[in-house]
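Work through the exercises below with the model open. Try each task before reading its solution.

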Amino acid sequence: MIFDVDDLKRRGFQGFKALRELEGKAQGVPTDSGVYVVVREESTGPRFLLRNPAGQFKKRDPTVKVKRLKEKWVRGAKTLYIGSATSLRERTAELVKFSRGRGVPHWGGRFLWQVECSFNFQVAWLVDDEPCRREGELLGDFESAFRRLPFANLRRERRDA
C-alpha cells in the first residue's frame, strides 16, 4: 500500500517513533534538514475530539468542527501529514510540544491533535538537502494516489526552491 510504513521505509524514511516517545527527548532525530511524516497505523476509522488539545498560536484556537475533520479524512491513508524542516530535530520537537498544548509555531498539521489517541501516531523522517522540493514531490505522489492532500495538510506550500 502506498504511504504506509513499508512504503515509507522503501522511500528511505527512518525513525517511526510514537509521539509519546519523542516527548521531551528528541535524541535520535537528526538535526539535518529533511521531510517528516505523521503516520496512523490503525485501520479503524478515527474518532474525533470536540476540542483540540493543541496549543494556541497567535491567540488562535486550533479546534475545528468535527464535520470538517470528517470531510478532510482520507479513507485508507496511513500517512496523515507531510512536512519539511531545516532541522528535523527542532521541527519534530515543536510538533510534539504543540500537540501537548504549548503555544509553539507548528500551526500546520493542527487537525492531527483532534483525532483520539493521537499520542500513538508515529513520526518518521528522511534527511534531504532540499526539503521543500522533496515535500512537494511527496505531496504530489500522495495526491496522485488519493486525489487529495493528506488529512492534516490543509494546503500545498508555495515556496521558491
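## Exercises on a predicted model

**Exercise 1.** Place serine 99 in its element and decide whether serine 99 is buried or exposed.

*Solution.* The model is predicted. Start with the element: serine 99 belongs to helix H4, which covers residues 88-99. Next, take the relative accessible area of serine 99, which is 4%. Buried means under 20%. Serine 99 is therefore buried. Finally, go along the chain by 10 residues to glycine 109. The C-alpha atoms of serine 99 and glycine 109 lie 9.6 Å apart.

**Exercise 2.** Work out the strand order of the sheet, and find which strands stand at the edges.

*Solution.* Read the order across the open sheet: E1-E4-E2-E3, with antiparallel pairing. Then look at the ends. Strands E1 (14-18) and E3 (79-85) each have a single partner strand, so one side of each lacks a neighbour in the sheet. Now the twist: on average, neighbouring strands are turned by 20° against each other, direction ignored. Last, check one pair. E2 (residues 34-39) and E3 are joined antiparallel by 6 bridges. Valine 35 sits opposite serine 84 of E3.

**Exercise 3.** Find which strands H4 touches and which strands helix H5 lies across.

*Solution.* Take H4 first. H4 packs on the sheet and touches E2, E3 and strand E4 (122-127). The direction of H4 makes about 30° with that of E2. Then take H5, residues 131-146. H5 lies across E2, E3 and E4, and runs at about 160° to E3.

**Exercise 4.** Count the helices and strands, then give their order.

*Solution.* The count is 5 helices and 4 strands. From the N terminus, the order is α-β-α-β-α-β-α-β-α.

Conventions
Residues numbered from 1 in each chain as written. Predicted model: local features only at pLDDT ≥ 70, side-chain atom pairs only at ≥ 80, totals over all residues. Heavy atoms only, no water. Helix = DSSP H or I, 4+ residues; strand = E, 2+ residues; numbered from the N terminus. Buried < 20%, exposed > 50% of the residue type's maximum accessible area, 1.4 Å probe, protein only. Pairing = 2+ DSSP bridges. Axes fitted to C-alpha atoms, helices over the stretch in contact; angles between N-to-C directions. Contact = heavy atoms within 4.5 Å.
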